[in-house]
Amino acid sequence: MLFRQLEYFVALAREQHFARAAAACYVSQPALSEAIRKLERELDVPLVRRGRAFQGLTPEGERLVLWARRILADHDALKQEVTALKSGLAGQLRLGLIPAATTTVALLVEPFCATHPLARVRLDGGLPTAEIVERLRRFELDAGVVYLSELDTTELTVLPLYRERMVLVASDDLLPPNTEKLSWQEVTLLPLCLLKPRIRGRQAVDDALAAEGLSVAPQIETDSVDALYAHVGTDRWASLVPQPWNYIFRLPAGLRVISVTGAPASSDVGLVTAAAEPGSVLGRAFAAVAATLRLDVLFNPEVDAGHGKPVR
């Protein structure tokens with residue numbers, strides 16, 4: 001049995017198509033098919049249900065692909081460990097991100113790359129928490145930044161990072177002068193552009209409104225925080241955005257960030273890696289760097305920098 005055969009088998013399970021799997025492995029389709037047939041002969045079990053096209057894995061194949069992924073992940077980890085012992089950590093860190101973390105992750109990646117200059121980072125952004133966790137368990141990611149409230153922690157190591165608070169962003173023309181805070185009731189009276197209801201940031205807003213006995217019907221809904229800022233920039237709409245984005249991007253003149261009093265609209269964000277040992281060397285190294293940072297203090301100034309505790 002060769003590692004190449006396992007790589008082809010895992011690629012076929014992922015792509016669900018012989019031609020796409022062959023392209024992903026940079027081989028011809030006949031070469032990939034023959035390698036998998038040889039693997040079936042060596043294991044003496046059918047792995048793939050075949051017809052005119054790929055029809056899925058057999059029950060034996062569904063079970064054995066889990067072993068194949070683990071073997072390949074451990075093989076990669078072994079090579080990374082040896083390289084790290086000889087010349088320092090190298091290779092590609094595969095990092096999955098929820099949409100709201102696609103900007104704040106730069107504050108994690110920068111110190112990681114400074115500590116491990118030979119390492120490379122691939123960011124897979126815009127993923128829901130459930131998909132990030134599933135891809136971690138399939139060994140397709142080394143680490144992920146997720147919402148902790150949506151997390152099944154089975155077989156995962158969790159590092160809380162920060163609490164994401166939703167704050168109001170609006171132009172001076174839409175706000176009373178010298179206003180630093182608004183109530184949820186006052187927020188509902190503004191022309192609003194919000195995230196779509198299925199997105200966690202919007203769910204936090206809806207939960208806070210419901211706790212106050214309120215609801216809202218925004219004129220514009222989007223799945224992009226970038227789009228929220230673009231519409232707020234027209235001075236026609238106000239929006240509720242994750243507070244960390246206001247740290248990363250400086251607001252244009254004429255726009256203000258306003259805290260909302262009453263029920264909090266917030267979500268805990270954390271870093272997850274696979275708990276299995278030895279696991280991803282790059283994932284462990286990234287978590288070690290992240291553990292030295294105090295992002296919650298950075299994004300939430302009211303947390304005392306000397307005595308604040310990690311979010312739970």
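**Exercise 1. Find how much surface the protein chain exposes, and what share of it carbon and sulfur atoms supply.**

Solution. The protein chain exposes about 15,700 Å², an accessible area that comes from the Shrake-Rupley method with a 1.4 Å probe, where for residues only the protein chains shown count as cover. Carbon and sulfur atoms supply 53% of this area. The model is a predicted one, in which local features need pLDDT of at least 70 and side-chain atom pairs count only at pLDDT 80 or more, while totals for chains, interfaces and linings use all residues. Residues are numbered from 1 along each chain as its sequence is written, and side-chain values use heavy atoms, with hydrogens and water left out.

**Exercise 2. State what percentage of the protein chain is buried, and describe its largest nonpolar core.**

Solution. Begin with the term: a residue is buried under 20% relative accessible area, exposed over 50%, and partly exposed in between (1.4 Å probe, protein chains only). Of the 312 residues in the protein chain, 46% are buried. Next comes the nonpolar core, a set of buried Ala, Val, Leu, Ile, Met, Phe, Trp, Tyr and Cys residues joined through side-chain atoms within 4.5 Å. The largest one has 73 residues, and those with the most contacts inside it are Phe112, Leu168, Trp184 and Leu271. Strand 6 gives the most to this core, namely eight residues. Another core, of 22 residues, lies apart from it, and Val10, Ala13, Val48 and Ala68 are among its members.

**Exercise 3. Determine which residues of helix 10 are buried, and what they pack against.**

Solution. Helices (H or I, at least four residues) and strands (E, at least two) are DSSP runs, numbered from the N terminus. In helix 10, which covers residues 225–232, the buried residues are Val225, Leu228, Tyr229 and Val232. They lie on the same side of helix 10 because they cover an arc of only 95° around the axis, the arc being that of the directions from the helix axis to the C-beta atoms. As a general rule, an α-helix has 3.6 residues a turn, so residues three or four places apart point the same way. Finally, look for contacts, meaning heavy atoms within 4.5 Å: the buried residues of helix 10 pack against several elements, including strand 6 (156–171), strand 10 (239–242) and helix 11 (243–248).

**Exercise 4. Decide whether Cys113 and Cys193 are buried or partly exposed, and count the disulfides.**

Solution. Cys113 counts as partly exposed because its relative accessibility is 29%, whereas Cys193, at 0%, counts as buried. A disulfide is a pair of cysteine sulfur atoms within 2.5 Å, and a search of the whole structure finds zero of them.
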